[in-house]
Amino acid sequence: MTMLDQEKQVRKDERARTLAERCPELQMSGLSLQDLQTLCKELHQKIDVVDEERYDIDSKVMKNTREIQDLTQKIFELKGKMKRPALKRVRVSADAMLGALLGAKVKESVDFKANLKTVKKEEEKKEEVTDWRKNVDAMSGMEGRKKLFDAGQ
């Protein structure tokens with residue numbers, strides 16, 4: 001506790017010494033009006049210099065805090081998400097794909113076409129195209145129409 005008290009006392013002494021150096025006590029007694037005006041002008045100039053320094057330091061502090069916030073946000077984004085690379089399309093044969101999926105279990109190549117079912121296509125019935133001039137006499141009249149009707153059924 002005594003060490004803490006000593007440190008506090010040292011800080012107070014340093015503060016009093018720096019204030020005495022930077023801001024000496026004003027002695028205004030016995031000064032003329034002209035001297036008081038020059039003293040006020042000097043004080044205003046010192047205040048302006050101090051305000052400029054304070055503004056510069058404040059702007060630097062604000063800039064640094066913005067940079068710190070941006071960097072911390074970038075850190076959170078990098079920790080939260082991993083950027084996925086753009087995938088490229090790769091042509092792989094069936095054997096290579098099975099080898100990649102199943103590992104060393106499949107050593108021989110598998111013929112997929114042999115396992116497919118075959119589908120037989122039925123040929124469509126095509127009507128014979130005959131010369132219409134040959135059947136004109138046979139199809140003429142009611143008998144010809146009857147033959148066409150019977151053929152349709």
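A residue counts as buried when its relative accessible area is under 20%, as exposed when that area is over 50%, and as partly exposed in between. By that scale Asp51, at 34% relative accessibility, is partly exposed, and the description that follows, which concerns a predicted model, returns to Asp51 as one partner in a salt bridge.

Side chains of opposite charge can pair when their charged atoms come close. In this structure there are 2 salt bridges, and each can be followed along a helix. One of them joins Arg11 to Glu7, with 4.0 Å between the closest N and O atoms. Both residues belong to helix H1, which covers residues 2-22, and they sit 4 residues apart, about one turn of the helix. Of this pair, Arg11 is exposed, its relative accessible area being 58%, whereas Glu7 is partly exposed at 40%.

The other salt bridge brings together the side chains of Arg54 and Asp51, for which the N to O distance is 3.7 Å. These two residues lie in helix H2, spanning residues 33-80, where a spacing of 3 residues separates them by about one helical turn. Here Arg54 is exposed, with a relative accessible area of 53%, while its partner Asp51 is, as said at the outset, partly exposed at 34%.

Next come the cysteines. A disulfide is a covalent bond between the sulfur atoms of two cysteines. A search of the whole structure finds 0 disulfides, and the accessibility of two cysteines can be set beside that result. Cys23 is exposed, with 52% relative accessible area, and Cys40 is partly exposed, with 43%.

Cys23 appears again in the lining of the largest pocket. Rolling a probe the size of a water molecule over the atoms shows where empty space is left. The volume of the largest pocket comes to about 240 Å³. Its lining is made up of Arg22, Cys23, Pro24 and Leu26, together with Leu39, Glu42, Leu43, Lys46 and Ile47. Which element gives the most to this lining? Helix H2 does, with 5 residues. By residue character, the lining divides into 6 nonpolar and 3 charged residues, with no polar ones. Among the residues of the lining are the charged Arg22, Glu42 and Lys46, and the nonpolar ones include Cys23, since cysteine counts as nonpolar in this division.

Terms used. Residues numbered from 1 in each chain as written. Predicted model: local features only at pLDDT ≥ 70, side-chain atom pairs only at ≥ 80, totals over all residues. Heavy atoms only, no water. Disulfide = S-S within 2.5 Å. Buried < 20%, exposed > 50% of the residue type's maximum accessible area, 1.4 Å probe, protein only. 1 Å grid on protein atoms, 1.4 Å probe; cavity = no way out; pocket = protein on both sides within 12 Å on 5 of 7 lines; lining within 4 Å. Points joined across faces, edges and corners; volume = space filled by probe spheres on them.
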